[in-house]
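Here are my notes on the model, set out as numbered points. Please read them with the structure open.

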Amino acid sequence: MLSYQHAYHAGNMADVHKHAALAWVVDYLTRKPKPLSYLETHTGRGLYDLSGAAARKTGEAAKGIALAQSWFDEDHPYARAMAQVRADHGPDAYPGSPLIARTLLREADRLHLAELHPQENAALTAALRAPNTRIYQQDGFDMAQSLCPPDPRRGLMLIDPSWEVKADYAKLPGWMASIARKWNVGIQILWYPILTDGAHVPMLRQLEQSFPDGLRHEVGFPPARDGHRMVGSGLFVVNPPWGLDEALATLGKQFGTIARRKR
């Protein structure tokens, strides 16, 4: 879907959930010296300005990372990535998922990033140009299918579509199963919105049948503005690394403070 631009939503509560989890997994994998592959199917531009017109128009960052930043100690990988990006790009910079990954990964690791939107792809290329990073202007599902299993085989993939294409809900369980058959050691992290219409529920039912050892984690939060249909954020992880369940449980408690504060 070429109409979606994440600049309006960067740094919202869903980003906090997704990016904190992603940073934890990347940090966990880099504790071993072996190189790894990082794939992302729908990247966006990678670097966002929270003082820009798009972010100010929705106010989602003001109700997201601006409130949640204090949840993370300075040695948390999410906080480390944000600190590095802001040191490089200014105090209003916010890293999208590919820049969080690139900031925490090493020169020997390989990144494969897909973004179909031409303007977003150009911005991504400008923000993340590096010898170990390859950027594709193509459908991210096609990119991942063509690369799996990647070299190195050790690694992870973030699957983060816009969800404006409603057929993605029905497509993802079978697609992720096909990736797992090709890349059985790969960690797959699927992010999905929790909307008031419950569109994610049938998809999660199928995913849990296909991946009984998968890790599902969901958090709730107030709508960013009146009429906004997203009331939570979800993650489904195939081949979850040891300790991720505890890290997400701790993060979930932080989100719980928002709900208590609203009562």
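1. Strand 8 and strand 9 are antiparallel partners, joined over six bridges. Two of the pairs can be picked out by residue: Val219 has Ser233 of strand 9 as its bridge partner, and Leu215 stands opposite Val237 of strand 9. Please keep in mind throughout that this is a predicted model.

2. Strand 9 (230–238) also pairs with strand 7, again in the antiparallel sense, this time over eight bridges. On that side, Ile194 stands opposite Gly232 of strand 9. How many of the nine residues of strand 9 are buried? Eight of them are, so the strand is largely enclosed by the rest of the structure.

3. These strands belong to an open sheet of seven, with the order 5-4-1-6-7-9-8 and mixed pairing. Which are the edge strands? They are strand 5 (133–136) and strand 8, each of which pairs on one side only. From one strand to the next, the twist averages 15°. As a general reminder, strands of a sheet pair through backbone hydrogen bonds, in either a parallel or an antiparallel arrangement.

4. Strand 1 (residues 37–40) is covered on both faces. Ser37 and Leu39 are buried on one side, and Tyr38 and Glu40 are buried on the other. Strand 1 pairs in the parallel sense with strand 4 over four bridges, and likewise in the parallel sense with strand 6 (residues 155–159) over four bridges. Leu39 takes part on both sides: its bridge partner in strand 4 is His112, and in strand 6 it stands opposite Met157.

5. At the strand 5 edge, the residue to look at is Thr133, which is found in that strand. Is Thr133 buried or exposed? Its relative accessible area is 14%, so Thr133 counts as buried, the cut-off being under 20%. Leaving aside neighbours within four places in sequence, Thr133 is in contact with Arg102, Leu111, Leu113 and Leu128.

6. Helix 9 (residues 201–210) has three buried residues to note, namely Met203, Leu204 and Leu207. Why do they line one face of the helix? Seen down the axis of helix 9, the buried residues fall within an arc of 95°, so they line one face. The general background is that an α-helix has 3.6 residues a turn, so residues three or four places apart point the same way.

7. The partners of that buried set are spread over several elements. The buried residues of helix 9 pack against helix 8 (167–182), strand 7 (187–195), strand 8 (215–220) and strand 9.

8. Helix 1 (residues 13–29) and helix 4 (residues 77–89) have axes that come within 8 Å and cross at roughly 100°. The two helices are therefore roughly perpendicular to each other, since that term takes in angles from 65 to 115 degrees. On the helix 1 side the contact is made by Asp15, Val16, His19, Ala20, Ala23, Trp24 and Asp27. On the helix 4 side it is made by Pro77, Tyr78 and Arg80.

9. Glu60 lies in the loop between helix 2 (53–58) and helix 3 (65–68). Despite being a loop residue, Glu60 is buried, with a relative accessible area of 2%. What does the side chain of Glu60 make a polar contact with? The partner is the side chain of Asn12, at 2.8 Å.

10. Gln254 is found in helix 10 (residues 244–262). With a relative accessible area of 25%, Gln254 is partly exposed. The C-alpha atoms of Gln254 and Leu47 are separated by 25 Å, and the two residues are 207 residues apart along the chain.

How values were computed
Residues numbered from 1 in each chain as written. Predicted model: local features only at pLDDT ≥ 70, side-chain atom pairs only at ≥ 80, totals over all residues. Heavy atoms only, no water. Buried < 20%, exposed > 50% of the residue type's maximum accessible area, 1.4 Å probe, protein only. Arc of directions from axis to C-beta. Contact = heavy atoms within 4.5 Å. Pairing = 2+ DSSP bridges. Axes fitted to C-alpha atoms, helices over the stretch in contact; angles between N-to-C directions. Polar contact = N/O pair within 3.5 Å; in protein donor to acceptor, adjacent residues only side chain to side chain. Parallel < 35°, antiparallel > 145°, perpendicular 65-115°, else oblique.
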